[in-house]
Amino acid sequence: MSSRDHIPKAALYLGLAGVLPFAYAALCLIVPSAAPLGDWLLPNFAPDILLRNYGIVILCFMAGVIWGFAVHAPSPQMMGYGLAASTIPALVAFFLGFGPTHQALPILIMGFLALLPLDAWAMRAGLAPNWWLRLRGLLSSLVILCLTLGVLYA
């Protein structure tokens with residue numbers, strides 16, 4: 001594996017740090033006695049709401065990354081497809097904030113799963129770095145696990 005294929009430490013560590021709110025919320029659902037740890041930062045802390053709201057933010061962020069890749073596409077048609085595809089998850093996520101959490105969490109799982117083919121598209125098109133899909137696979141797996149625990153325990 002060449003150095004271009006290795007996930008940069010900064011991307012790995014910051015990506016894993018971005019999973020921490022998901023993991024903490026999932027932990028609090030499984031072990032409710034852990035929830036007061038978050039009260040100092042999030043008054044009226046509700047783990048299921050944290051999963052939903054943070055999931056919305058991160059899904060939109062990841063869709064924005066696809067937008068960033070798409071603007072560098074080699075053809076206007078490819079760029080248009082990439083931009084359109086990256087907009088859909090953000091629009092869906094926006095509306096999740098108005099509904100009940102128990103309905104939003106499974107849809108967020110589907111949203112994170114739906115982004116993976118877009119990540120693969122960006123990599124195949126040479127728009128994303130060689131290590132991108134490995135990082136996204138790892139982080140998405142962790143996020144989806146946490147959201148699944150939210151579905152089961154919320």
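Tutor: In this predicted model, the place of G80 is in helix α3.

Student: Why is G80 called partly exposed?

Tutor: The relative accessible area of G80 is 34%, and since buried means under 20% and exposed means over 50%, the value falls in between, so G80 is partly exposed. From G80 to F95 there are 15 residues in sequence, and their C-alpha atoms are 23 Å apart in space.

Student: How do you know that L27, which lies in helix α1, is partly exposed?

Tutor: Its relative accessible area is 41%, which is neither under 20% nor over 50%, and therefore L27 is partly exposed.

Student: What makes the nonpolar surface patch that includes L27?

Tutor: The patch, of about 530 Å², is made by L27, I30, V31, V151, L152 and Y153. Patch residues need over 30% relative accessible area, and L27, at 41%, is therefore above that cut-off. Helices α1 (9–30) and α5 (132–153) each supply at least two residues of the patch, with the largest share, three residues, coming from α5.

Student: Which residues have the most contacts inside the largest nonpolar core?

Tutor: They are F22, L51, F69, F112 and L147, within a core of 44 residues. The elements giving two or more residues to this core are α1, α2 (47–70), α3 (76–96), α4 (101–124) and α5, and α2 provides the largest share, 12 residues.

Student: How do you know that F22 is among the members with the most contacts, and what does F22 touch?

Tutor: F22 is listed among those with the most contacts inside the core; leaving aside residues up to four places away in sequence, F22 touches L51, Y54, G55, I58, F112, V143, C146 and L147.

Methods:
Residues are numbered from 1 along each chain as its sequence is written. This is a predicted model: local features need pLDDT of at least 70, side-chain atom pairs count only at pLDDT 80 or more; totals for chains, interfaces and linings use all residues. Side-chain values use heavy atoms; hydrogens and water are left out. Patches are made of residues with over 30% relative accessible area and no salt bridge: like charges are joined within 9 Å, nonpolar side chains (Val, Leu, Ile, Met, Phe, Trp, Tyr) within 5 Å. Accessible areas come from the Shrake-Rupley method with a 1.4 Å probe; for residues, only the protein chains shown count as cover. A salt bridge is a side-chain nitrogen of Lys or Arg within 4 Å of a carboxyl oxygen of Asp or Glu. Helices (H or I, at least four residues) and strands (E, at least two) are DSSP runs, numbered from the N terminus. Buried means under 20% relative accessible area, exposed over 50%, partly exposed in between (1.4 Å probe, protein chains only). A nonpolar core is a set of buried Ala, Val, Leu, Ile, Met, Phe, Trp, Tyr and Cys residues joined through side-chain atoms within 4.5 Å. Contact means heavy atoms within 4.5 Å.
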